[in-house]
Amino acid sequence: MPLALQAGLWGLLSGSALLIGALAGWFLPMPRRLVAAIMAFGAGVLISALSFDLMDEAWSRGGVWPVAAGFFGGAAFFTLCNLLLGAWGARHRKRSDPELRKTHGQNNGAALALGALIDGIPESIVIGVSLLEGGAIGLVAVIAVFLSNLPEGLASAAGMKAEGKGAAFVFLLWGAIALAAGLAALGGYLAFEGVDPAAVAAVQAVAAGAILAMIVDTMVPEAFEGTQDYAGLIAVTGFLAAFLLSKLGG
């Protein structure tokens with residue numbers, strides 16, 4: 001199978017967690033503490049993946065300046081996008097508390113969709129880029145993205161159901177975004193195949209910066225509010241699991 005197609009399928013797999021989470025959040029009674037615990041675990045996995053896989057690989061490819069500039073630039077770009085999305089009605093897109101969402105006027109389906117895309121596209125591009133050398137997918141990256149998408153689908157679907165949105169709207173929304181994740185992974189591979197390693201390193205660093213900003217801005221608040229004093233311990237468990245998988249699997 002061509003590597004580009006493999007990249008797209010891996011991206012689709014990681015994005016499918018949004019739809020799986022949405023189905024679970026819609027049909028199953030999911031306690032908020034459980035959703036928040038999954039969010040905390042996923043945040044720990046993502047932080048481990050971007051620290052020991054993504055940033056380390058970017059450093060070996062491009063050195064200090066592409067990595068430093070890309071990392072800060074990715075975080076700054078995500079922060080700007082998040083501010084705009086907050087003004088448009090998607091600041092609390094990963095929150096499961098319907099009262100919080102109502103208080104902040106979070107009822108804009110287009111903003112929610114765009115917010116999920118901005119959260120997910122950097123992660124999906126990373127999956128595609130990970131196949132550029134050697135043809136081996138970054139398994140930890142795929143698991144990390146899957147685990148970060150699952151609670152987003154859970155929280156958002158539960159919140160949208162409480163707001164009165166229809167099932168067709170919710171499932172079409174997350175299904176389309178899962179498809180977009182696959183296309184982003186495919187595009188990441190095709191766009192950077194044969195490109196100078198320093199440029200690829202900068203792109204990886206941009207994605208890492210955006211992902212870390214996303215974790216702190218959108219995942220950590222829900223994780224902490226739902227699990228309180230246990231959020232840190234659960235996140236450390238996720239970090240350790242991803243770290244061991246990366247080292248033992250390598």
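**Exercise 1. Compare the end-to-end reach of α7 and α3 with the expected spans.**

Let's start with α7: with 26 residues, this helix reaches 38 Å from its first C-alpha to its last, close to the 38 Å expected at 1.5 Å a residue. The expected span is 1.5 Å times one less than the number of residues. Helices here are DSSP runs of H or I with at least four residues, strands are E runs of at least two, and both are numbered from the N terminus.

Before going on, a word on the model: it is predicted, local features need pLDDT of at least 70, side-chain atom pairs count only at pLDDT 80 or more, and totals for chains, interfaces and linings use all residues. Residues are numbered from 1 along each chain as its sequence is written, and side-chain values use heavy atoms, with hydrogens and water left out.

Now take α3 (residues 64–88): its 25 residues should span 36 Å at 1.5 Å a residue, and its end C-alpha atoms are 36 Å apart, so the two agree.

**Exercise 2. Describe the overall make-up of the protein.**

Step one: count the elements, which gives 9 helices and 0 strands. Step two: look at burial, where buried means under 20% relative accessible area, exposed over 50%, and partly exposed in between (1.4 Å probe, protein chains only). Of the 250 residues, 50% count as buried. Step three: turn to contacts, meaning heavy atoms within 4.5 Å. Among contacts with a separation of 6 or more, 83% come from residues 24 or more positions apart.

**Exercise 3. Work out how α6 packs against α7, and then against α1.**

Two packed helices are described by the angle between their axes and the distance between the axes. The axes are lines fitted to C-alpha atoms, for helices over the stretch in contact, and angles run from 0 to 180 degrees between N-to-C directions.

For α6 (residues 139–162) and α7 (residues 167–192), the angle is about 155 degrees and the axes are 10 Å apart. That makes α6 roughly antiparallel to α7. On this scale, under 35 degrees is roughly parallel, over 145 roughly antiparallel, 65 to 115 roughly perpendicular, and the rest oblique. On the α6 side, Glu152, Ser156, Ala157 and Met160 meet Phe169, Val170, Leu173 and Trp174 of α7. The residues of this contact divide into 6 nonpolar, 1 polar and 1 charged. Here Ala, Val, Leu, Ile, Met, Phe, Trp, Tyr, Cys and Pro count as nonpolar, Asp, Glu, Lys and Arg as charged, and the others, Gly among them, as polar.

Next, α1 (residues 3–27) packs with α6 at about 30 degrees, with the axes 6 Å apart. These two helices are therefore roughly parallel to each other. Their contact is made up of 15 nonpolar, 7 polar and 2 charged residues.

**Exercise 4. Place Pro66 and Ser124 in their surroundings.**

Pro66 lies in helix α3 and is partly exposed, at 22% relative accessible area. Leaving aside neighbours within four places in sequence, Pro66 is in contact with Ala198, Ala202 and Ala205. Pro66 and Ala202 are 136 residues apart in sequence, yet 4.8 Å apart in space, C-alpha to C-alpha.

Ser124 belongs to helix α5 (residues 109–129) and is buried, with a relative accessible area of 1%. With the same neighbours within four places set aside, Ser124 is in contact with Ala181, Ala184 and Ala185.

**Exercise 5. Examine the backbone at Gln228.**

Most residues other than glycine have a negative phi. Gln228 is not a glycine, but has a positive phi of about 55 degrees. Gln228 sits in the loop between α8 (197–227) and α9 (231–249), and at 38% relative accessibility counts as partly exposed.
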